[in-house]
Every structure is written in structure tokens, then in C-alpha cells.
Amino acid sequence: MKKVLVTGGTGYIGSHTVVALIEKGYQVVIADNLYNSNEGVLNAIAGITGVRPAFEQVDLADEAACMALFRKHADIEAVIHFAAYKSVNESVSKPLDYYRNNLNSLMWVLRGMEAVGCKRIVFSSSCTVYGQPDVLPVKETMPYQEATCPYGNTKRIAEEILKDVVRADRDKHEGRSELKVLLLRYFNPIGAHESALIGELPNGVPNNLMPFITQTAAGIRECLSVFGSDYDTPDGTPQRDYIHVCDLADAHVCAMEYMASDDFSGWDAFNVGCGRPYGVLDVIRSFEKMSGVKLPYKICGRRAGDIEKIWGDVEKANRKLGWRAKRGLDEMTLSAWRWQQHLQEKA
Ligand code: WQD
């Protein structure tokens, strides 16, 4: 059976991807330091799939610990690397923590792969590498733009590290790298698995829109602040390319299948989104319609670091990965609400 190491696999996107991989017949080992998640997610994954994945609690930014992990699982065929700190505003206040953790963990994972002869990695990248694109929808060929925060910068630097590693491998093998490095540039993942057993677990006050909406609807937060309505967009609020987290998880399975084919080697990047923009008010309206809950919100000033609008050209992922998002905004908001209700029942 195809054995995959999923770093950060107890996290939001990681756990949904582990479910999709197991359902596709992969053997999964999760490596996570539980900084942003908890071991209960393993029981939930078992509840959904009937399989409890192997779990290693490890700080991948600790080189010795990371190398020991790879020696223990030397038979892995591929790595999906999610493990990273991901809070935009926390990265502004703790830049060195972000550069140390996000970049060291990537480098030690690459060292570990080298030590055991593992040649395939899918890297969790982000549309933040595009900054505010000049042309929309944004294509993978568009240049990097100045990151608006250290978190986004760690994603751009990570992509450059991966490019350099492939270049060195290519030189070592007469121009054709044996490595297969696939970057998935996520847009805005929201929603939860249909079972409502796994979903987003923000630490403290949510930064992201969807969990703030569901916590407001659940009465945990008093009122949603809509950060700005004076943008050059149809309703004045910023636009994003929201994608159901399960569609995003499916994209990782398609990426694994694509890497198994012989016609790919080297480095390639794919936009993973729905390819269409929604404003904040669109998300609120969809949530109210699907949940039946009237959401208290107020229009406030813009949030520092926010870009005005972004959505992805996803033709390349459709064509080369054979992947396409299947779930619409209403399914995203309803699944997020069902997950919030599950959390309330558990509390
Ligand atoms: C979405 C919209 C806010 C909260 C995130 C991740 C980033 C990347 C892309 C993976 C914006 C508005 C939000 C609130 C609001 N993903 N908003 N009130 O900033 O696009 O970035 O997805 O790498 O890492 O952080 O997502 O959910 O914070 O904001 O009005 O209370 O909702 O202004 O327009 P963002 P978000």
C-alpha cells in the first residue's frame, strides 16, 4: 500500500486531506507537534474512515527529531507538508518564530527525504505569494509580489527553497531531476467535512472570516466586524476565492496520483480554488440562508494587510491534475455551521 507522511495532519486542511487519502487507499502517517490542533482529531478521522492513522508527535523544526522520524518511517513514498504556523497577524508580531518554524521544518523535512530516498513532496503553499495581483484571475505564471506579512513571506521563500533543491537535483542527474515537487497554492479554504466530525479549530479569537461568522451565530462572539466596504468591488467588501476544504483535500489526492505518473518531474505550481470571487456580504448572505440564523454584523474600517480582491485561474489544475472544485458557497457555509453546532454539542 502507498505510504504517505502527512506533516501537520491533525490540522484543519491536513485532517481533511488524511481522510481523503485513507478513502483512496493510502497508508497515512501523521507527524504533528499539536501546536494548532489536538490528538482528538485522530479519533474523528477513525470515526469517519474506520482507520486510525499512525501518529508521531514531533517538532519538525528540531532537526534531530525530524531525522529520527524519517529513519523510523524510511519506507514512505511521498510527503504532504502542511506543518507551519499560519496566522497572518501573529506572524507580524512574532516574525522570527515564523521564519524559524516554517522554514526550518521545511528544510529538515527535505533533509529527511534525502536521507531515506523519498523523491515526492506536495507543499502547502498559498495565494498570498501573489500579493494583490495586477490581473485577475491570477495565473501560476504571475510573478511573486511583496508579501503583506511574514507568514506570506515564509510561503514565498519556501517555494524558492524548493525550486533551488530541484535545480541542484537536476544538475546532479544530467538535466532531469529525480525529485517531484508539487506546490498547491490555496485560496480561501472554508467549511468542514459532511460528517461534522472534523473542521476548523481556531485558537482563541478567530482571525478568519468563516469561524468568526459561525462563532457569532452560535453566540460566542457578539457581532461580526466587516472590515471595509469602500473597496473597488461590487458590494465594496474585499473579494476572495473561497473553496470547500473537502475540494481542497481532493486536490491533494489528485496531486499524489499526478506525481505517480512518469511524465512529471521537477517543480510545478497549481492554483487550487473555485476560480470565482465572493465578497464578504455574499458569504454572510449564504450563511444566513443556509443556517436560518440572522447574523449580527457591522461595517468597520479596513483591516491592515488585507488585499482588495483575488481569485484564481484554475484551468491548469483542472487540465493537468484532473481536479475541479465541486462544492458551491452554500455547501461551504452550511458545512461550517454544522461543524460549529457539533462543537457546541461537545462543549
Ligand atoms: C477573508 C475576508 C477580510 C474576518 C486567509 C489566510 C491566508 C490564506 C488566504 C492560506 C477578508 C474579511 C475577515 C473578519 C472580515 N490562506 N474578514 N471580518 O485574509 O483572505 O487570508 O486565506 O494560506 O493565510 O489567512 O482570509 O478569512 O481572514 O479574510 O470582514 O472578522 O474576510 O477582510 O476580506 P484572508 P480571512
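**Figure 1. The shell of residues around the ligand.** A residue is near a molecule or strand if one of its heavy atoms lies within 4 Å of it. Of the 18 residues around the ligand in this predicted model, those that come nearest are Tyr151, Leu209, Ser225, Arg240 and Asp306. The shell around the ligand is made up of ten nonpolar, five polar and three charged residues, where Ala, Val, Leu, Ile, Met, Phe, Trp, Tyr, Cys and Pro count as nonpolar, Asp, Glu, Lys and Arg as charged, and the others, Gly among them, as polar. With four residues, strand E8 (residues 224–227) gives the most to this shell; helices (H or I, at least four residues) and strands (E, at least two) are DSSP runs, numbered from the N terminus.

The model is predicted, and local features need pLDDT of at least 70, side-chain atom pairs count only at pLDDT 80 or more, while totals for chains, interfaces and linings use all residues. Residues are numbered from 1 along each chain as its sequence is written, and side-chain values use heavy atoms, with hydrogens and water left out.

**Figure 2. Polar atoms beside oxygen atoms of the ligand.** A polar side-chain atom of Ser126 lies 3.0 Å from an oxygen atom of the ligand. On the backbone, a polar atom of Leu209 is 2.8 Å from an oxygen atom of the ligand, and a polar atom of Phe227 is 3.0 Å from an oxygen atom of the ligand. Of the 690 Å² of accessible area that the ligand has on its own, the protein covers 90%, as computed by the Shrake-Rupley method with a 1.4 Å probe.

**Figure 3. The largest cavity and its lining.** On a 1 Å grid over the protein atoms alone, a cavity is a set of points where a 1.4 Å probe fits but cannot get out, and lining residues have an atom within 4 Å of a point. About 60 Å³ of space lies in the largest cavity, a volume being the space filled by probe spheres set on the points, which are joined across faces, edges and corners. His81, Ala83, Ala84, Asn102, Phe123, Thr154, Lys155 and Ala158 line this cavity, and helix H6 (residues 150–172) gives the most to the lining, with three residues.

**Figure 4. Two backbone features in loops.** Most residues other than glycine have a negative phi, and most peptide bonds are trans. Leu136 and Pro137 are joined by a cis peptide bond, with omega about 0°, and Pro137 has its place in the loop between strand E5 (120–126) and H6. Leu34, although not a glycine, has a positive phi of about 60°, and Leu34 is found in the loop between strand E2 (27–32) and helix H2 (40–49).

Conventions. A polar contact is a pair of N or O atoms within 3.5 Å; within protein, one must be able to donate a hydrogen and the other to accept it, and residues adjacent in sequence count only if both atoms are side-chain atoms. On a 1 Å grid over the protein atoms alone, a cavity is a set of points where a 1.4 Å probe fits but cannot get out, and a pocket is an open set with protein on both sides within 12 Å along at least five of seven lines; lining residues have an atom within 4 Å of a point.
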